[in-house]
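Visitor: Hi, I have a structure open here and would like to go through it with you. Can we put it up on the screen?
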Amino acid sequence: MRTFTKTYTDPQLQQRTLAHHRWIAHTNPDVRIPEVVQVRPTAIDFEHLEGHHGTADDLLTLASLLGHQHTTAHTRDLHAARLDASHTSGDVTIAGFADSRRERLHQLLGTGTVPGSALAREAIDGWLERAATMPAAFYKDANPRNFLITDTRVVIIDFDSLTLAPFGYDLAKIVVTTAMTTGPLPEATIRQAVAAYNRHPRQHGLPGCSRREFAAWCEFHHILTTPYHGTNGYQFSWHTIRPAWTIDVLRQFDKESAS
Ligand SMILES: Nc1ncnc2c1ncn2[C@@H]1O[C@H](COP(=O)(O)OP(=O)(O)OP(=O)(O)O)[C@@H](O)[C@H]1O
Ligand SMILES: [Mg+2]
């Protein structure tokens, strides 16, 4: 069998990736992922699968797939998780949403290198606090390069990163990183992507992701992905291409909170 080899210099990171892979296989059994063919001391050989990376044309397909994945994982396992704590399921521990993210967001905002952030540090903390009581889904770094797409299927790859996250958080990641790669997306496409995602949780009586939450999570990704601008194919910065409504709903929220 043809394989794709990923090397890990840190054995702990290698073990963590294998645990994440097992958890995704267990909680999303109908989603295609590469098999682990062999585990070697500093590498994992994955089954090699064909497909192209995500593009703007794939956004609705990927949004719907993420909605399906998150809803299935919530129903099977994450209904028992709280976003402000880590979650253990069998031999897998998934980090809480705020865990290292709060520190990283504060640190990046503190450097003054994030252009045009719509959220200041207090607003970040406010959103992390609100997220603590939201239904739990997960973040698995839904950038366009972590999907392999053919005419007939979508394969999910890259199991290095996995944390708890609110519904809509990884949807915001694919939207922001696709736009950073290919340029501004039509507003209608973004709205349709949110609707395609929300269809899944709402079919199961879960609230899904509001427009305001989606806008906030886009800003989280803007801050966290800014250090990679100019690499990984990221040619555009979210603050120059984001739809105006995402800023409007956050400003409106600030006003309502202050009054
Ligand atoms: N199982 C696989 N079969 C075929 N190609 C793969 C497979 N796994 C990874 N790749 C290819 O290698 C690329 C990098 O793999 P991966 O995403 O796991 O590593 P990475 O360090 O996160 O890289 P990146 O930052 O580009 O996402 C993928 O975008 C994909 O093109
Ligand atoms: Mg990757």
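Visitor: How much space lies in the largest cavity?
Guide: About 50 Å³. Keep in mind as we talk that this is a predicted model.

Visitor: And how many cavities of 30 Å³ or more does a search of the whole structure find?
Guide: The search turns up one.

Visitor: Which residues line the largest cavity?
Guide: The lining is made by L66, Q69, H70, F138, K140, D141, A142, N146, F147, I156, I157 and D170. By class, six of the lining residues are nonpolar, three are polar and three are charged.

Visitor: Which helix gives the most to that lining?
Guide: Helix α2, which covers residues 59-76, gives the most, with three residues.

Visitor: Let's switch to the metal. What are the protein donors of the magnesium ion?
Guide: The magnesium ion, ligand 2, has N146 through OD1 and D158 through OD as its protein donors, at 2.0 to 2.2 Å. N146 sits in the loop between β6 (136-139) and β7 (147-149), while D158 sits in the loop between β8 (154-156) and β9 (163-166), so the pair ties together parts that are twelve residues apart in sequence.

Visitor: Is N146 buried or exposed?
Guide: N146 counts as buried, because its relative accessibility is 5%, and the cut-off for buried is under 20%. N146 is also one of the residues lining the largest cavity.

Visitor: What about the backbone of D158, what is its phi?
Guide: D158 has a positive phi of about 75°, although it is not a glycine.

Visitor: And which phi does D141 have?
Guide: D141 has a positive phi too, about 55°, and is not a glycine either. D141 is in the loop between β6 and β7. With 14% relative accessibility, D141 counts as buried.

Visitor: Nice. Now ligand 1: how many residues surround it, and which are the closest?
Guide: Ligand 1 is surrounded by 13 residues, and the closest are K6, E47, H53, R145 and D158. You have met D158 already, as a donor of the magnesium ion.

Visitor: Which atom of H53 lies 2.7 Å from ligand 1?
Guide: A polar side-chain atom of H53, and the atom it faces in ligand 1 is an oxygen.

Visitor: What lies close to the nitrogen atoms of ligand 1 on the E47 side?
Guide: A polar backbone atom of E47 is 2.9 Å from a nitrogen atom of ligand 1. For L49, a backbone N or O atom lies 3.0 Å from a nitrogen atom of ligand 1.

Visitor: On to pockets. What is the volume of the largest pocket?
Guide: About 750 Å³. The largest pocket is lined by 28 residues, and those nearest its centre are Y139, D141, S161, K173 and Y228. D141 also appears in the lining of the largest cavity.

Visitor: Which helices supply at least two residues each to the lining of the largest pocket?
Guide: They are α1 (11-27), α3 (101-111), α5 (169-182) and α7 (211-225). The most comes from α7, with three residues.

Visitor: How does the lining of the largest pocket split by class?
Guide: It has eleven polar, nine charged and eight nonpolar residues.

Visitor: And what volume does the second largest pocket have?
Guide: About 230 Å³. There are 14 lining residues, of which F4, P34, L148, I157 and D158 are the closest to the centre of the second largest pocket. Strands β1 (3-7) and β3 (43-47) each supply at least two residues of that lining. By class, the second largest pocket is lined by eight nonpolar, two polar and four charged residues.

Visitor: Back to α7 for a moment. Where does C218 lie, and is it buried or exposed?
Guide: C218 lies in helix α7 and is buried, with a relative accessible area of 0%. From C-alpha to C-alpha, C218 and T181 are 15 Å apart in space, with their positions 37 residues apart in sequence.

Visitor: Last one: where is G96?
Guide: G96 is in the loop between β5 (92-94) and α3. At 3% relative accessibility, G96 counts as buried. The C-alpha atoms of G96 and S161 are separated by 12 Å, and the two residues are 65 residues apart along the chain.

Key: Residues numbered from 1 in each chain as written. Chains lettered and ligands numbered in written order. Predicted model: local features only at pLDDT ≥ 70, side-chain atom pairs only at ≥ 80, totals over all residues. Heavy atoms only, no water. Donors = N, O, S within 2.8 Å, 3.2 Å for Na, K, Ca; no water. Helix = DSSP H or I, 4+ residues; strand = E, 2+ residues; numbered from the N terminus. Buried < 20%, exposed > 50% of the residue type's maximum accessible area, 1.4 Å probe, protein only. 1 Å grid on protein atoms, 1.4 Å probe; cavity = no way out; pocket = protein on both sides within 12 Å on 5 of 7 lines; lining within 4 Å. Points joined across faces, edges and corners; volume = space filled by probe spheres on them. Nonpolar A, V, L, I, M, F, W, Y, C, P; charged D, E, K, R; others polar. Near = heavy atom within 4 Å. Polar contact = N/O pair within 3.5 Å; in protein donor to acceptor, adjacent residues only side chain to side chain.
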